[in-house]
Amino acid sequence: MRDGGASTHAGALRAPGGAAQPGLQLLEPLIFERGADGRHGASLAPFDTPRIDPSVHFGDLARASAARLPQVSEPEAFRHFVRLSQQNYCIDTQMYPLGSCTMKYNPKVNEWAARQAAFLRLHPMAPDELCQGSLEVMHRLGEMLCTITGLDDCSLQPAAGAQGELTGLMMIQAYHQAQGRSPRKVLVPESAHGTNPASCSLCGLESVKIAGRADGLVQVEDVARAIQEAGEDDICGLMITNPNTLGLFESNMVQISELIHERGGQVYGDGANTNAIMGRVRVGDIGIDVVHINLHKTFTTPHGGGGPGSGPVCFREHLEPFQPQPVVTRSGSGYRLDADRPQSIGRVRAFQGNFGMFIRAYCYIRELGGQGLSDASTMAVLNARYLWSRLKETYLVATDEPCMHEVVLSDEAIEKKTGVKTLDIGKRLLDYGFHAPTVYFPLVVKGALMIEPTETETKQTLDEFADAMIAIAAEAERDPQLVKTAPHLTRLRRLNEAQAARKPRLRWTPPVSD
């Protein structure tokens, strides 16, 4: 055990209330390094079945020796995982300013609902007649998402936003093929999410970049030029993020959508930033044909630690035959899963999707209602614009226009003046008790810092964050080395992320016994 350690740099411990402070911290080894031979934390009954020789059943796949699993007591195992959890940064302890991630607080009533035994213990292969409540929730959630987006139908199957993108593109491809066409070009603005071109590649399509402008918006004439260069008869569609990754609303969507539709293409909306517009704008009203929505962002289902996510797609009626199957349909007074969909692209996810996320999102939407969702998006934009207004005099902002849900800063000016870069600022924020924002994205902004406060943060928290950012800028001028060597108050000091990514240590080597 050790304390947090004091920095040798002047001012390193001067941080506002709520910031990281030195204190009791436990150094936790790998669980393989705990315990002893023969130690265990369970009492099991003696074997009541005949012992077998694994090699007889598994052949060459059978182990020559027993796996070297940890041999620990219950207190050792429990303390190990509690200590690891205490090293985590989470939305339940502080603002999580990751841009493009919508790390909003997850209401605990949603967690309670998702843990109801009737939902939690339902087997995914149970017959429809025993799943009526769950199927009804799925059906109702789909209807709600259609109301929010202004589209006609919804599939809940995709497990994440990127898979929602892929699903939407596959549906568009299937639609074109049903029309006897096979266009291959998909227009993707430079301000879109980076997964968009990757989804195109997975579908065997070719993404065509539309270069960004100084104002950060996609212009009608730029789309028209891209169509001409790509070939009018080869336009599969357009993938566009709105609001875009600069935090700006694409105000030319109606005219842009008309251009694409006139060439027989479809418009895919990346709905990852729906939190800025829900209850304010229905994407179906501005020309979008299919859109994915991240339940694990906009609708408060947790997405720390890699998931589980959920990326339903909503779409227009003409794309309905091609949606993933089975489809939850209403039949008389009940609900059933309909797999008789000859034009469907098939399953994109095992069973019906990440069902627990559906329960959480359903509760959130029911609790807020239409006006509540509109108020949430209003507060999300207000909070981001408040940070934009507080930081734009200290940091270079990506655009002169007020942002929507997230503010994007650049390190260009501060690096030129002090040598301090985006990564240094993010590391120093840890000393002030805040996780770093998204860094070096979007790629169109040099040294980008992308901050999304969401609607759940108070003005007091926003002021603490802004004060920390302004203080770090002052430190960069007064003592650049202090910022360049941060963090100073965390359990571990600055790590070499590049080496960890390129030369990860993923294998545990057991100690050699005497």
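Below are legends for close-up views of one predicted model. Residue numbers start from 1 along each chain as its sequence is written, and side-chain values use heavy atoms, with hydrogens and water left out. Because the model is predicted, local features need pLDDT of at least 70 and side-chain atom pairs count only at pLDDT 80 or more, while totals for chains, interfaces and linings use all residues.

**View A. Helix α5, end to end.** Helices here are DSSP runs of H or I with at least four residues, strands are E runs of at least two, and both are numbered from the N terminus. Helix α5 covers residues 132-149, 18 residues in total. From first C-alpha to last it reaches 26 Å, close to the 26 Å expected; that expected span is 1.5 Å times one less than the number of residues. Plenty of its side chains to look for are buried, including L135, V137, M138, L141, L145 and I148. (Buried means under 20% relative accessible area, exposed over 50% and partly exposed in between, with a 1.4 Å probe and protein chains only.) Right after α5 comes G150, with a positive phi near 75°.

**View B. Helix α10 and its kink.** Now for a helix that falls short of the straight-helix span: α10 has 37 residues, yet its end C-alpha atoms are only 40 Å apart, against the 54 Å a straight helix would reach. Look at G369, the centre of a kink of about 95°. The bend at a residue is the angle between axes fitted to the seven residues ending there and the seven starting there.

**View C. Strand β6 between two partners.** Strand β6 (residues 290-293) is covered on both faces, with V290 and H292 buried on one side and V291 and I293 buried on the other. In a regular strand, side chains alternate between the two faces of the sheet. Strands count as paired if DSSP finds at least two bridges between them. β6 runs parallel to β5 (residues 266-271) over four bridges, and G269 sits opposite V291. With β7 (residues 313-315) the pairing is antiparallel, over three bridges, and here V290 faces F315.

**View D. T298, tucked into a loop.** T298 is in the loop between β6 and β7. It counts as buried because its relative accessibility is 0%. Leaving out residues up to four places away in sequence, T298 touches T102, K104, A272, T274, N275, M278 and Y364; contact means heavy atoms within 4.5 Å.

**View E. S344 and the stretch around Q323.** S344 lies in the loop between β9 (334-338) and α10 (355-391). At 17% relative accessibility, S344 still counts as buried. A polar atom of its side chain is 2.7 Å from the backbone oxygen of Q323. Beyond neighbours within four places in sequence, S344 is in contact with P321, F322, Q323, P324 and Q325.

**View F. Cysteines without disulfides.** The structure holds zero disulfides, a disulfide being a pair of cysteine sulfur atoms within 2.5 Å. For C200 the nearest cysteine sulfur is that of C203, 7.3 Å away. For C314 it is that of C154, at 3.8 Å. C200 is buried at 0% relative accessibility, and C314 is buried at 0% too.

**View G. A four-stranded open sheet.** The strand order is β10-β11-β13-β12, with antiparallel pairing. β10 (396-397) and β12 (438-439) are the edge strands, each pairing on one side only. β11 (residues 407-410) and β13 (residues 448-451) share four bridges, and S410 stands opposite A448.

Definitions and conventions
Polar contact = N/O pair within 3.5 Å; in protein donor to acceptor, adjacent residues only side chain to side chain.
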